[in-house]
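Trainee: I would like a close look at a single part of this model, taken slowly, with each term explained as it comes up.

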Amino acid sequence: MRARILDVAEEHYRRIGYHKTSVADIATVLGMSPANVYRFFPSRGAINEAICGRVMNEVVDIAFAIARANAPASEKLDRLLTAVHHHNKTKLAKEKRMHALIVAAMQENWAIVRAHVERMATIFEAIIREGIEAGELKVEDPSGAARAVRTAFTPFFHPILIEQCVQNGEDTEAALREQIRFILKALGTSN
């Protein structure tokens, strides 16, 4: 039932936005009362966080797929950083209502956002460790390097910053390429 509630909520969020979707709207589609929905979710905020988690898991799925690929660590980092930026930029352009949910989550520092940021840092760290073991990357602290990569790519991952760049007509693609080159060099590659 939780999954059904989330499916209906997500469909409404995508179609009319999370601000305009009420628990009563979700309950009506499911043929239940709002009180019944609250048996499965303690609050509207819990539903929002669960939907936000679904959207953020799309990014994690992309990152895991690239991290598991059979490729050098520098190539994986390049592909992963590029793919996540493009995914988030596409969300802004094509799914404005879901972008608004992610913006709210970031602005309000929801727990799901903090968990997502840590998962991404863990993926970066795994790739960096792999690169160190292969002799491709030359850093002494893979955990610190992963945090540095996460921080360096905040402008390319954060929905509000991406939105500001797009509104200001900035070339995020050129800036992304420059930042990737810089990070790979900092990690000890010759790219």
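Which is Leu-92, buried or exposed, and what is its relative accessible area?

Mentor: Leu-92 is buried, with a relative accessible area of 8%, where buried stands for under 20%, exposed for over 50% and partly exposed for what lies in between, computed with a 1.4 Å probe on protein chains only. Please keep in mind that this is a predicted model, in which local features need a pLDDT of at least 70 and side-chain atom pairs count only at pLDDT 80 or more, while totals for chains, interfaces and linings use all residues. Residues are numbered from 1 along each chain as its sequence is written, and side-chain values use heavy atoms, with hydrogens and water left out.

Leu-92 is found in helix 5, which covers residues 73-94; helices here are DSSP runs of H or I with at least four residues, strands are runs of E with at least two, and both are numbered from the N terminus. Leaving aside residues up to four places away in sequence, Leu-92 touches His-99, Ile-162, Glu-163 and Val-166, a contact being heavy atoms within 4.5 Å. The C-alpha atoms of Leu-92 and Ile-160 are 9.4 Å apart, although 68 residues separate the two along the chain.

The contact with His-99 leads to the next helix, since helix 5 and helix 6 (residues 96-107) pack at an angle of about 120°, with their axes 6 Å apart. Such axes are lines fitted to C-alpha atoms, for helices over the stretch in contact, and the angles run from 0 to 180 degrees between N-to-C directions. The two helices are therefore oblique to each other, because angles under 35 degrees count as roughly parallel, over 145 as roughly antiparallel, 65 to 115 as roughly perpendicular, and the rest as oblique. On the helix 5 side, Lys-91, Leu-92, Ala-93 and Lys-94 meet Lys-96, Met-98 and His-99 of helix 6. These residues divide into three nonpolar, one polar and three charged, with Ala, Val, Leu, Ile, Met, Phe, Trp, Tyr, Cys and Pro counted as nonpolar, Asp, Glu, Lys and Arg as charged, and the others, Gly among them, as polar.

Helix 5 also packs with helix 7, at an angle of about 160° and with the axes 8 Å apart, so this pair is roughly antiparallel. Among the residues in that contact are Leu-77, Leu-80 and Leu-81 of helix 5 and Ile-123, Phe-124 and Ile-127 of helix 7. By class, the contact has 10 nonpolar, one polar and two charged residues.

Lys-91, one of the helix 5 residues that meet helix 6, counts as buried at 7% relative accessibility. Glu-95 forms a salt bridge with Lys-91, the closest N and O atoms being 3.3 Å apart; the term requires a side-chain nitrogen of Lys or Arg within 4 Å of a carboxyl oxygen of Asp or Glu. Glu-95 is partly exposed, at 28%. Through shared partners, salt bridges join Asp-7, Glu-10, Arg-14, Arg-54, Glu-58, Lys-91 and Glu-95 into one network. Within this network, Arg-14 is bridged to Glu-10, with 2.8 Å between the closest N and O atoms, and the two residues, four apart in helix 1 (residues 2-16), are separated by about one helical turn.
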